[in-house]
Amino acid sequence: MYYTLSDVLTEKSVTSNLKAKNKDDVIKELIELLEESGKVTDREEVLKAINKRESLASTSIENGIAMPHTKCDGVEEVCMAIGISKEGIAFGQNGLTNIFVLAVSPNDNTSSYLRTLVNLINKLQSANTRNEIMSIDDERNLYDYVCKLDTKMVSV
């Protein structure tokens, strides 16, 4: 099976203006986006699984990007949420984080949601791409822009 970013994102699962001011609230706000887009069947299960994964090691990486992710029974299909913080939020060891990509996959999914996540993270390594994303002020344009970055990835 092929997963593309447009397969796992919806316009409702992106925000160009995160309200959160700390790591815990970022995770909750991104899960709320997935919930509002109809992707979450058990919010507490997703929150617990993401927090467990983050306790192992922060998913914050260089260039102001974080990619919290997990597999759990709180969703029925692979899904992602994207949130942008113009001010930046302390999320891990790499300074302030501006771009957050949360990915969740069902436990029983035999495909690798990580390929889709890595595809997007690779695209975000470009300073031009990050600058474009940071300049977007509404959800529709953010969704459209991210989907244009789409490259099909083969799931394992």
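A residue counts as buried when its relative accessible area is under 20%. By that cut-off Val46 is buried, because its relative accessible area is 0%. This residue of the predicted model lies in helix α3, which runs over residues 43-56. Leaving out residues up to four places away in sequence, the partners touched by Val46 are Ile31, Val40, Cys72, Gly74, Val75 and Val104. Ser58 follows at a separation of 12 residues along the sequence, and the C-alpha atoms of Val46 and Ser58 lie 17 Å apart in space.

With this residue as a starting point, the whole chain can be described. The protein contains six helices and eight strands, arranged along the sequence in the pattern β-α-β-α-α-β-β-β-β-β-α-α-α-β. Its radius of gyration is 14 Å, close to the 15 Å that the globule rule gives for 156 residues, so the protein is as compact as a globular protein of that length. The C-alpha trace extends over about 35 × 30 × 25 Å along its principal axes. Of the 156 residues, 51% count as buried. Contacts across the sequence are well represented: among those between residues at least 6 apart, 71% join residues at least 24 apart.

The surface and the charges complete this overall view. An accessible surface of about 7,500 Å² was computed for the protein, and carbon and sulfur atoms account for 46% of that area. The protein carries 18 positive and 24 negative charges, and the mean positions of the two sets are 4 Å apart.

Confidence in the prediction can be read from the pLDDT, which averages 90 over the protein, with 92% of the residues scoring at least 70. Residues 152-156 have a pLDDT below 50, and in the model this stretch has 20 contacts beyond near neighbours in sequence.

A second buried site is found at Ser60, a residue of strand β3. Ser60 counts as buried because its relative accessibility is 8%, under the 20% cut-off. Once neighbours within four places in sequence are set aside, Ser60 is in contact with Ile65, Ala66, Phe91, Gly92, Asn94 and Thr97. One of these partners, Asn94, is 34 residues from Ser60 along the chain, and their C-alpha atoms are separated by 6.7 Å.

The loop between β3 (60-61) and β4 (65-66) holds Asn63. Most residues other than glycine have a negative phi. Asn63, although not a glycine, has a positive phi of about 70°. Its relative accessibility of 35% makes Asn63 partly exposed, since that class covers values between the 20% limit for buried and the 50% limit for exposed residues.

Two glutamates illustrate the more accessible classes. Glu132 is located in helix α5, spanning residues 127-135, and counts as partly exposed at 41% relative accessibility. Tyr145 is 13 residues from Glu132 along the chain, and 8.6 Å separates the C-alpha atoms of the pair. Glu36, in turn, belongs to helix α2, which covers residues 23-36. With a relative accessible area of 55%, Glu36 is exposed, because the threshold for that class is over 50%. Between Glu36 and Gly88 there are 24 Å from C-alpha to C-alpha, at a separation of 52 residues along the chain.

Note on methods:
Residues are numbered from 1 along each chain as its sequence is written. This is a predicted model: local features need pLDDT of at least 70, side-chain atom pairs count only at pLDDT 80 or more; totals for chains, interfaces and linings use all residues. Side-chain values use heavy atoms; hydrogens and water are left out. Helices (H or I, at least four residues) and strands (E, at least two) are DSSP runs, numbered from the N terminus. Buried means under 20% relative accessible area, exposed over 50%, partly exposed in between (1.4 Å probe, protein chains only). pLDDT is the predictor's confidence in each residue, from 0 to 100. Contact means heavy atoms within 4.5 Å. The radius of gyration is taken over C-alpha atoms; the globule rule is 2.2 Å times the number of residues to the power 0.38. Accessible areas come from the Shrake-Rupley method with a 1.4 Å probe; for residues, only the protein chains shown count as cover. Lys and Arg count as positive and Asp and Glu as negative; His and the chain ends are not counted. The place of a charge is taken as NZ of Lys, CZ of Arg, CG of Asp or CD of Glu.
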